[in-house]
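This report goes through selected features of one protein chain. Please keep the sequence and the model in view while reading.

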Amino acid sequence: MDPVVNLATAPGRGQSFSMTSQSSEYFPCAAAPRRSAWPRVTELLHQLKVTFGYSTFRPLQREIIEATLADQDVFALLPTGGGKSLCFQLPALVRDGLTVVVSPLIALMKDQVDAMQASGVAATFLNSTLDEKEARSRLAGLHRGQFKLLYVAPERLMLDSWAENLKAWNVACIAIDEAHCVSEWGHDFRPEYRQLAKLRVALPNVPLMALTATATERVRADIITHLKLREPQIFVASFNRPNLTYRVVPKDQPAKQIIEFVRKREHECGIIYCASRATAERVAESLSGRGFLARPYHAGLDADERARNQEQFLRDDTRIMCATIAFGMGINKPNVRWIIHHDLPKNIEGYYQETGRAGRDGLPGDCLLLFSAGDIAKQTHFLDEITDEQEQQIARSQLRQIVHYAEGAGCRRAELLEYFGEHFPLDNCGACDNCMEPRETYDGTIAAQKFLSCVYRIRQNSRFGVGLNHIIEVLTGADTEKIQRWGHDRLTTYGIGKELSRPAWASVGRELMRLGYVGIDEGEYATLNVSEEGMAVLRARSPITLTKPMDFPKAKRVVRREGDIACDEILFERLRTLRKKLADERSVPAYIIFGDTTLRALAHFYPTSIDQLEGIPGIGEKKRAEFGEIVTDEIADYLKTNSRMAFD
């Protein structure tokens, strides 16, 4: 990658950059040709305001839009809620021709088309939900140049007849959403996405845009290679979601923990992720039996029931979705206020994407992970069933990373960002459990010396390494067949750790791995070794401070979270009721009418005339014309019996 250039001295338009929340640095890539046909920034801002109701771009949106309008290939990595969709929607409005959007989920297509049509944009989709007559009608419209945006699944694009269709439709750009599906190193690999490289052959002069919300550097490189992007401009935004709060608590009677959590948020929407279909069903049944609006979602339900439950969630008829990871990718529901992980996720990348479904509108979101050592054992059992050795190694490494995250005493936000190669400069984020209530530490020198000595003695005696469980069995003096066969009961470290329980030793071992004193040998079996740093502290008997394992949660102090918009909460609830009524009348999800950010702004500024709606985010010209009078009349009616609140 090219050296970092300071923004103040950097080249102008046509350069891509990587932006973090802490700096204005960027990394120049292939320069885009200047084109007189480019809309001026003022024109883009005008279209942004008129169609989408926003006055400014989010980080990197303008640069991405200008790059694709210059007919450059683009790779864009923006966090969930960072405004990926606008990066292809807005260019589609200002350029000639059709923009084709490749989307992995049928529900996402309908959702985004509904949102576009509500803003006055000519958009459509083609998928298996349409009957033959409707599909023919939309195809005819595409041949007439009636649409600016077409959403389609990757399998349909690969049909033989589609190459000729695409050539006939004056395709100006192809946007590949959820592009991490291309990579076998990604957390949601889909083989059909690999075939999209054929589009480069069929339409060699059409620029491609690959977009994703989560990808490590390895996955990014894989996407660019397999989609055959040509000297793409690469945009990587900050992964930081400052409006999200992260918490990990010991799992203890999870049904009770979830009910206590949800009861404080009865009017908010959330998702509970479960490791199995049975757990998703059980949690949904438990919640609905107590009067909560909860439904399950998993691959074991028939397609109609899955679609029905999802539609109810999108429309706020169901507030809680209890789901496996089959649910969520591309679900454009901005007012999800919280995410619970009932079970330990398989990897950090999936966890980041799933928590990222909260607070997409920029308002606060809570992310809670229930963690137990038993979850580690379950996941390890699943990994043992993987037959491909390389795949198993990758899965084991990913499991260790998420376990380290869950057990770690450091800032949750900093650890997540570090995984994606981003540095968080603050010592305290103020919005995770470890920063708000730091865990206690203790002098773990003796325990660490015993553990390190045991790892070293076993290797010295046997000339091979063993895994964590066997180390613990030797320390606690277990009488197992392997210990007898390998003679480990004759080691000086045999039975020297009986004062601690097996779970306590497991916690010590995993923390020594996090601290870098214990290494892991990759192979068919993950065996432990003492690292150079570990040998140094062992020989010098250096003091080692360890963190006490997580205790059961205490009462948390209330913290004002970033992204919160102070408003009249009673009026906000009244506007939510009105929004639901308007949405039901039009058979669309509530957020298609207005997002929570818009409602909170309305309940903050109290506009009582259409003119006063100027500057309210999310209200473009079409929505102002359609809903402006209804909303302002509702606010005026409210103020007849309620006084305005003053906000800082």
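Phe88 counts as buried, at 2% relative accessibility. The model in which this value was computed is a predicted one. Tyr151 is likewise buried, with a relative accessible area of 1%. Phe88 and Tyr151 form an edge-to-face aromatic pair, at 6.5 Å centre to centre and with 70° between the planes. Phe88 belongs to helix H3 (residues 86-94) and Tyr151 to strand S6, so the pair ties together parts that are 63 residues apart in sequence. Next to Phe88 in the numbering, Cys87 counts as buried at 0% relative accessibility.

**The chain as a whole**

The chain has 27 helices and 19 strands. Of its 648 residues, 55% are buried. Taking contacts between residues at least 6 apart in sequence, 73% join residues at least 24 apart.

**Aromatic rings and charges**

The structure holds 11 aromatic pairs. Besides Phe88 and Tyr151, one of these pairs is formed by Trp162 and Trp169, and both of these residues are buried. The pair of Trp162 and Trp169 is edge-to-face, with 5.4 Å centre to centre and 90° between the planes. Elsewhere, Phe239, Tyr352, Tyr419 and Phe420 form one aromatic cluster.

Two arginines lie over ring faces. Arg138 is placed over the face of Phe125, 4.5 Å from the ring centre. Arg265 is placed over the face of Phe261, 3.7 Å from the ring centre.

**Helix H5**

Arg138 is also one of the buried residues of helix H5, along with Ala135, Gly141 and Leu142. Viewed down the axis of H5, the buried residues fall within an arc of 120°, so they line one face of the helix. As background, an α-helix has 3.6 residues a turn, so residues three or four places apart point the same way. The face of H5 turned away from the buried side carries the exposed residues Glu132 and Lys133.

H5 covers residues 132-143, which is 12 residues, and reaches 17 Å from its first C-alpha to its last, close to the 16 Å expected at 1.5 Å a residue. What do the buried residues of H5 pack against? They pack against strand S4 (98-102), strand S5 (123-126) and strand S6 (149-152). Strand S6 is the strand that holds Tyr151 of the aromatic pair described above. Just after H5, Gly145 takes a positive phi of about 75°.

**Helix H10**

Helix H10 (residues 217-226) has Val219, Arg220, Asp222, Ile223 and Ile224 as buried residues. The elements covering these buried residues include both strands and helices. Among the strands are S3 (74-77), S8 (208-212) and S9 (233-236). Among the helices are H8 (191-194) and H14 (348-355). Just after H10, Lys228 takes a positive phi of about 55°.

**Loop residues**

Two further residues have a positive phi although neither is a glycine; the table lists their values.

| Residue | Phi | Loop | Relative accessible area |
|---|---|---|---|
| Asp316 | about 70° | between helix H13 (303-314) and strand S13 (320-323) | 9%, buried |
| Tyr606 | about 55° | between helix H26 (596-605) and helix H27 (621-639) | 2%, buried |

Gly465 is another loop residue, between helix H19 (445-462) and helix H20 (468-475). At 18% relative accessibility, Gly465 counts as buried, the cut-off being under 20%. Leaving aside neighbours within four places in sequence, Gly465 is in contact with Arg459, Thr527 and Leu528. The C-alpha atoms of Gly465 and Asp521 are separated by 8.3 Å, although the two residues are 56 residues apart along the chain.

**Cysteines**

How many disulfides does a search of the whole structure find? The search finds 0. Cys429 gives a case to look at: the closest cysteine sulfur to its own is that of Cys411, at 3.7 Å, which is too far for a bond. The cut-off for a disulfide is a pair of cysteine sulfur atoms within 2.5 Å. Cys429 counts as buried, at 17% relative accessibility.

Terms used: Residues are numbered from 1 along each chain as its sequence is written. This is a predicted model: local features need pLDDT of at least 70, side-chain atom pairs count only at pLDDT 80 or more; totals for chains, interfaces and linings use all residues. Side-chain values use heavy atoms; hydrogens and water are left out. Helices (H or I, at least four residues) and strands (E, at least two) are DSSP runs, numbered from the N terminus. The expected span of a helix is 1.5 Å times one less than its number of residues. Buried means under 20% relative accessible area, exposed over 50%, partly exposed in between (1.4 Å probe, protein chains only). The arc is that of the directions from the helix axis to the C-beta atoms. Contact means heavy atoms within 4.5 Å. Rings of Phe, Tyr and Trp (its six-membered ring) pair if their centres lie within 6.5 Å; planes under 30 degrees apart count as stacked, over 60 as edge-to-face and the rest as tilted. A charge sits over a ring if NZ of Lys or CZ of Arg is within 6 Å of the ring centre and within 35 degrees of the ring normal.
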